[in-house]
Amino acid sequence: MEQAQTPSGSPAPPPAPSPGFVRRAVIDVGTNSVKLLVAEVSGRRVNPLLEHSEQTRLGRGFYGGHRLQPSAITHTARAVAHYAATAREWGVASTRVIATSAARDAVNQSELVAAIGAESGCPVEVLSGAQEAEGAFRGVISDPVFAGQPLLIVDVGGGSTEFILGEGDQQRFRHSFALGTVRLIEQSPHSDPPTSAEWERCRVAVNDFLHQHVGPVVGQQLSGVPGRAIQLVGTGGTTSILARIELGLTTFDRDRIEALRLAREQVRRQRERLWALPLAERKKIVGLPADRADVILTGVLIYEALMERLDFPDLRVSTRGLRFAAVMEEGEA
């Protein structure tokens, strides 16, 4: 899974946690980046204090033999160690390290776990696809805006995409699919800028995957929900970045991002613009972090295709997901 980050440069750590809250940290080792969340937590209330992301591209060169590359392991372990030290500076009661798609699929998973342990002293929890989907659901519904309405939550990450259908605290369905931004780039590489033939090949690959794997499973679940319309909610880096681009945000603004409703036509226009530009020009787009200017191509394509395939007119954005759930769950262990 991926999450758009707050601006770099950590503010001075705040004083002791607020009364009734405990300060915790989660470090999320994803296929594309390592992310840190430091938050004050009380039950299901999560007040984020610090959020950072460093692209380590753990999934680079991975999908041929499902073997993590030594340089990617080293870069990732050092990023985790840096964030663990930052968390200690913020006086957290605990730090949890979780790893997702690339780590769970790797034939040399133990090498990554050992490297992170040696660099940071932290144990690593490698989450299953079901656990990742569960976390995405719990994180999103911690926002009272989504209470009491049927939701299809989609979390497009670097190596996998999670679909969760639920309402309130109840999940009707959850599944993790082998579709992700880094995985797709590795499997369908493109020129700079992409050619029309490369765009078409990538589009066909995504549509074929949705047709063969997602549609028969998710579509059937959606048809079984009676009554009210289901709201599509995207969580993770791709949707947060699309919202930032649409709003022209130079900094991370959670309230404005989560208030936005992206129409399918807006997503299509963004895809057309992004795929027409070379990397250097994409890096200049307001709201698009420079280190995400490559993977945003496959991210926006996935969302456009699934909105068309599942016939959703618009997309709500949640900046709360797996890491929000992980800091809540520390107190439940």
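Trainee: Which residues does leucine 242 touch, not counting residues up to four places away in sequence?
Mentor: This is a predicted model. Set aside residues up to four places away in sequence, and the partners of leucine 242 are Leu262, Gln270, Ile296 and Val300.

Trainee: Is leucine 242 buried or exposed?
Mentor: Place the residue, then apply the cut-off. Leucine 242 sits in helix 7, residues 237-247. Buried means under 20% relative accessible area. Leucine 242 has 1% relative accessibility, so the verdict is buried.

Trainee: What distance separates the C-alpha atoms of leucine 242 and serine 196?
Mentor: Along the chain, leucine 242 and serine 196 are 46 residues apart. In space, their C-alpha atoms are separated by 22 Å.

Trainee: How many residues has the largest nonpolar core, and which have the most contacts inside it?
Mentor: The largest nonpolar core has 48 residues. Its contributors with at least two residues each include strand 6 (150-156), helix 6 (196-223) and helix 7. The residues with the most contacts inside this core are Leu152, Phe163, Val218 and Leu306.

Trainee: Which element gives the largest share of this core?
Mentor: Helix 9 (264-276), helix 11 (296-310) and strand 11 (314-318) are among the elements that supply at least two residues each. The largest share is 10 residues, and these come from helix 11.

Trainee: Which phenylalanines does leucine 152 touch, not counting residues up to four places away in sequence?
Mentor: Leucine 152 has partners that include Ile164, Leu165, Val218 and Leu310, with residues up to four places away in sequence left out. The phenylalanines in that list are Phe163 and Phe312.

Trainee: How many residues are in the second, separate core?
Mentor: Ile27, Leu36, Ala79 and Ala87 are among its members. This second core is separate, and its size is 31 residues.

Trainee: How do the rings of phenylalanine 163 and phenylalanine 177 form their aromatic pair: stacked or edge-to-face?
Mentor: The whole structure holds four aromatic pairs. In this one, the ring centres are 5.5 Å apart and the planes meet at 90°. Planes over 60 degrees apart count as edge-to-face. The pair of phenylalanine 163 and phenylalanine 177 is therefore edge-to-face.

Trainee: Which strands hold phenylalanine 163 and phenylalanine 177?
Mentor: Phenylalanine 163 is buried at 1% relative accessible area. Phenylalanine 177 is buried too, at 6%. They are 14 residues apart, in strand 7 (residues 161-167) and strand 8 (residues 170-177) respectively.

Trainee: Which residues do ring pairs link into a cluster?
Mentor: Start from the pair of phenylalanine 163 and phenylalanine 177. Ring pairs bring in one further residue, and the cluster is Phe163, Phe177 and Phe209.

Trainee: What does helix 1 reach from its first C-alpha to its last?
Mentor: Helix 1 covers residues 70-89, which is 20 residues. At 1.5 Å a residue, 28 Å is expected. The span in the model is close to that, at 29 Å.

Trainee: Which strands are included in what covers the buried residues of helix 1?
Mentor: The buried residues of helix 1 include Ile73, Ala77, Val80, Tyr83 and Ala87. Helix 3 (109-120) is part of the cover. The strands included are strand 1 (22-29), strand 2 (33-42), strand 3 (45-55) and strand 4 (94-99).

Trainee: Which residue follows aspartate 192 in a cis peptide bond?
Mentor: Most peptide bonds are trans. Here omega is near -5°, so the bond is cis. The loop between helix 5 (181-187) and helix 6 holds the second residue. The bond runs from aspartate 192 to proline 193.

Trainee: Is aspartate 311 buried or exposed?
Mentor: Aspartate 311 lies in the loop between helix 11 and strand 11. Its phi is positive, near 60°. Exposed means over 50% relative accessible area. Aspartate 311 has 56% relative accessibility, so the verdict is exposed.

Trainee: What is the phi of histidine 66?
Mentor: Histidine 66 is in the loop between strand 3 and helix 1. Histidine 66 is partly exposed, at 28% relative accessibility. Its phi is positive, near 55°.

Trainee: What is the radius of gyration of the chain?
Mentor: The chain has 12 helices and 11 strands. For 333 residues, the globule rule gives 20 Å. The chain is close to that, so it is as compact as a globular protein of that length, with a radius of gyration of 19 Å.

Terms used:
Residues numbered from 1 in each chain as written. Predicted model: local features only at pLDDT ≥ 70, side-chain atom pairs only at ≥ 80, totals over all residues. Heavy atoms only, no water. Phe/Tyr/Trp six-rings, centres within 6.5 Å; stacked < 30°, edge-to-face > 60°. Helix = DSSP H or I, 4+ residues; strand = E, 2+ residues; numbered from the N terminus. Buried < 20%, exposed > 50% of the residue type's maximum accessible area, 1.4 Å probe, protein only. Contact = heavy atoms within 4.5 Å. Core = buried A, V, L, I, M, F, W, Y, C linked by side-chain atoms within 4.5 Å. Rg over C-alpha atoms; globule rule 2.2 N^0.38 Å. Expected span 1.5 Å × (residues − 1).
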